[in-house]
Amino acid sequence: MHDGFIYSLVLSGDQAGTVLSSEQINSWDPNNGLLWVHLRYRHKKARHWVLNSGLNRVETDALLAQDTRPRAVIAGEGVLLALRGVNLNPNSAPEDMVAIRIYADKQRIISTCDRELQSAKDVAELIVDGTGPTTTGDFIVAICEKLTTHKVEFIDKLEEQLSELEELVVSGNLKDLRTDIAELRRQAVTLRRYLAPQKEAFSKLLSDQFILFNDPERLKMRETTDKLVRTLEDLDALRDRANVTQEELLSQQSEQLNKRLYFLSLVSAIFLPLGFLTGLLGVNIGGIPGADNTWAFATFCGILISLVALQMTLFYRFKWL
């Protein structure tokens with residue numbers, strides 16, 4: 001990343017796949033091919049370049065905005081996109097999604113982000129290899145398809161984690177599961193926060209007002225949108241499964257607690273009369289029966305054992321055991 005310019009690539013023409021320098025970008029002629037410039041918007045030189053790129057105030061503000069929500073704004077022959085992708089950077093939480101802002105028309109494509117986005121990197125590698133998009137519409141389809149694919153892969157991993165947690169709940173291994181399920185639910189909620197508006201943005205690109213798509217590109221975009229819709233449905237199903245799993249976990253924990261309390265209640269019920277009798281005969285006053293009889297203690301123990309046996313018989317008959 002040099003001077004805020006992450007990628008500066010030619011998509012079409014004789015120089016397709018060529019990486020341009022800052023000087024070549026500034027002197028670029030649209031007749032030579034479609035240009036894609038990907039910038040780090042926090043960098044001072046990158047911000048200066050965007051502000052002097054000939055775009056109007058609304059477009060530059062959108063490209064340099066720090067907080068974005070997925071959306072698509074069609075203005076004349078161009079389009080403004082704000083999209084989100086899964087964060088695949090090392091030591092980062094995937095649900096901490098990376099935002100990419102795109103302005104695109106028939107002559108050029110300008111995109112900005114703050115952190116590395118794997119989807120943009122994938123498209124750039126395809127362009128350099130000569131197998132990437134060559135038109136603005138094809139580029140938008142490629143970015144949207146890569147963003148959606150990485151989301152699908154991440155949600156598949158979440159489903160695998162949830163399946164493992166479900167098996168642990170069924171097997172009764174409940175240690176630390178509550179925290180793991182809560183974390184999975186949090187990830188699902190965070191993902192859905194951006195997936196729903198991104199679906200609306202994709203749908204808007206399929207409207208008749210958007211003229212940058214030809215028929216094959218529109219068909220690809222429709223397939224990508226359908227894929228995102230299925231992904232959103234899978235995420236909703238994942239969230240519902242996580243809720244059911246958490247409820248089952250809480251139910252098992254409550255059942256275990258009730259069993260322990262029930263056992264303690266039975267123990268208390270058994271020893272309550274025994275404690276009463278021993279307490280009654282243990283008072284330090286005259287007249288205690290059997291005080292001078294050597295067999296009194298053994299007889300009293302026998303009475304206590306008989307009482308316990310009687311209680312156990314009654315508990316069993318009443319199906320309390």
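**Exercise 1.** In this predicted model, decide whether Phe210 is buried or exposed, and then work out which kind of aromatic pair Phe210 forms with Phe213.

*Solution.* Begin with accessibility: Phe210 has a relative accessibility of 2% and therefore counts as buried, since the cut-off for that class is under 20%. Phe213, at 6% relative accessibility, also counts as buried. Turn next to the geometry of the rings, whose centres are 4.7 Å apart and whose planes stand at 75°. Because planes over 60 degrees apart count as edge-to-face, the pair of Phe210 and Phe213 is given that name.

**Exercise 2.** State how many aromatic pairs the model contains, and classify the one formed by Tyr7 and Trp36.

*Solution.* The count comes to four aromatic pairs. In the pair of Tyr7 and Trp36, the distance is 5.7 Å centre to centre and the angle between the planes is 35°, which makes the pair tilted. Tyr7 belongs to strand β1 (residues 5-10) and Trp36 to strand β2 (residues 35-40), so the pair ties together parts that lie 29 residues apart in sequence. Trp36 itself, with 0% relative accessibility, counts as buried. Finally, ring pairs link Tyr7, Trp36 and Phe139 into a cluster.

**Exercise 3.** Locate Asn89 and describe the polar partners of its side chain.

*Solution.* Asn89 sits in the loop between β4 (78-85) and β5 (98-104), and at 18% relative accessibility Asn89 counts as buried. The side chain of Asn89 makes a polar contact of 2.9 Å with the side chain of Asn87, while a polar atom of the Asn89 side chain lies 3.1 Å from the backbone oxygen of Glu116. Leaving aside residues up to four places away in sequence, Asn89 touches Val98, Arg115 and Glu116.

Conventions. Residues are numbered from 1 along each chain as its sequence is written. This is a predicted model: local features need pLDDT of at least 70, side-chain atom pairs count only at pLDDT 80 or more; totals for chains, interfaces and linings use all residues. Side-chain values use heavy atoms; hydrogens and water are left out. Helices (H or I, at least four residues) and strands (E, at least two) are DSSP runs, numbered from the N terminus. Buried means under 20% relative accessible area, exposed over 50%, partly exposed in between (1.4 Å probe, protein chains only). A polar contact is a pair of N or O atoms within 3.5 Å; within protein, one must be able to donate a hydrogen and the other to accept it, and residues adjacent in sequence count only if both atoms are side-chain atoms. Contact means heavy atoms within 4.5 Å. Rings of Phe, Tyr and Trp (its six-membered ring) pair if their centres lie within 6.5 Å; planes under 30 degrees apart count as stacked, over 60 as edge-to-face and the rest as tilted.
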